[in-house]
Amino acid sequence: MNKDIQLIINTIKICSIKIKHIIEKGDTTKSDSQNSTGDTQLKLDIQSDIVIQNELSKLKCVRSIVSEEQDEIININQNATYNIAYDPLDGSSLVDVNLSVGSIYGIYQYSYSGKNIVGAVYVVFGPRVEMVVAIDKQVKLYRLLDHSFEYIQDIHLQTKGNILAPGSTQAMWYPHHKQMIDDFFTDGYRLRYSGGMVPDLHQILLKGGGLFSYPATKDLTKGKLRQLFEVFPFALVFKFAGGDAIDGEHKLLDINTTHIHDTTACFFGSLQEIKKVYEVWS
Ligand code: AFP
């Protein structure tokens with residue numbers, strides 16, 4: 001791993017320890033503002049965003065940053081290489097009911113596009129704080145023990161799993177999607193869906209495989225999840241872990257981004273489940 005990426009990851013560790021404290025002690029009520037996608041921001045979202053913005057802005061190797069909570073890209077050092085897109089606290093509405101939430105970071109070289117993502121990091125804040133780093137074709141799990149993140153294991157997906165995390169509103173599913181999900185359940189897959197993308201995907205990654213879906217629906221033809229902050233980072237994680245990530249027809253990392261807040265339909269899984277998605281959706 002190069003020195004600059006190592007520095008970015010070390011900075012994410014510092015941010016994560018601060019965000020852990022914000023989650024534990026912070027105010028879980030709503031703020032008066034909305035983010036670009038129209039979601040009402042919680043005070044926790046805003047506080048976590050400020051922590052990350054302050055820390056990443058200190059790094060000479062960072063060219064720009066963009067947050068799910070902000071409207072625009074923030075330029076930092078125009079001669080630097082790395083652009084970082086992040087979702088400071090994905091699933092933050094789950095903090096109130098004490099379910100797991102997470103931060104997601106995509107590290108992009110040159111420009112913000114799926115083709116240029118070189119690294120991804122996500123952090124799960126649950127009973128434990130865990131960080132997963134996808135870089136140089138490897139996926140590594142770290143855990144916060146006392147005050148530092150310790151290496152635990154590499155993550156590899158099996159070619160087939162048995163967990164299903166089917167997102168979005170069922171009443172809006174297309175019939176072929178509903179049939180596919182029913183078929184997985186008939187084949188013995190078990191439902192595991194918390195409504196937090198980070199813990200739901202983390203479970204699939206650590207339990208060997210399965211399928212997470214957030215499809216195109218009758219009401220959301222481009223899905224809900226944001227390309228730069230959520231989808232591309234996890235697409236890289238699944239690719240490096242030996243699985244795959246598609247929008248139904250194309251690899252997610254080949255999709256063009258026209259606006260920083262673009263969304264896309266997405267399926268993340270082990271190879272056998274993704275093969276079935278291709279058959280049904282393309
Ligand atoms: P919030 O951040 O608004 O809670 O949304 C979480 C999320 O972006 C992602 O973490 C979940 O997988 C997805 O939305 C859940 O959406 P549905 O409730 O529509 O399935």
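**Exercise 1. Identify which residues come nearest the ligand, and find its polar contacts.**

Step 1. Of the 16 residues around the ligand, the nearest are Asp-90, Tyr-193, Met-197, Tyr-214 and Lys-224. A residue is near if one of its heavy atoms lies within 4 Å of the molecule. This is a predicted model: local features need pLDDT of at least 70, side-chain atom pairs count only at pLDDT 80 or more, and totals for chains, interfaces and linings use all residues. Residues are numbered from 1 along each chain as its sequence is written, and side-chain values use heavy atoms, without hydrogens and water.

Step 2. Look for polar contacts (pairs of N or O atoms within 3.5 Å). Asp-90 places a polar side-chain atom 2.4 Å from a ligand oxygen atom. For Lys-224, a polar side-chain atom lies 2.8 Å from an oxygen atom of the ligand. Ser-168 uses a polar backbone atom, 3.0 Å from a ligand oxygen.

Step 3. Alone, the ligand exposes 490 Å², and the protein buries 77% of that (Shrake-Rupley, 1.4 Å probe).

**Exercise 2. Locate the largest pocket and describe its lining.**

Step 1. A pocket is an open set of points on a 1 Å grid over the protein atoms alone, where a 1.4 Å probe fits, with protein on both sides within 12 Å along at least five of seven lines; lining residues have an atom within 4 Å of a point.

Step 2. The largest pocket has a volume of about 500 Å³ (space filled by probe spheres set on the points). Its lining has 27 residues; Asp-39, Gly-91, Ser-92, Ser-93 and Lys-224 lie nearest the centre.

Step 3. Domain 1 (3–154) and domain 2 (163–281) both contribute lining residues, so the largest pocket lies between them (bounds from an automatic or database assignment).

**Exercise 3. Describe the second largest pocket.**

Step 1. The second largest pocket holds about 360 Å³ of space.

Step 2. It is lined by 18 residues, with Lys-20, Glu-24, Phe-125, Gly-126 and Val-129 nearest its centre.

Note on methods. A polar contact is a pair of N or O atoms within 3.5 Å; within protein, one must be able to donate a hydrogen and the other to accept it, and residues adjacent in sequence count only if both atoms are side-chain atoms.
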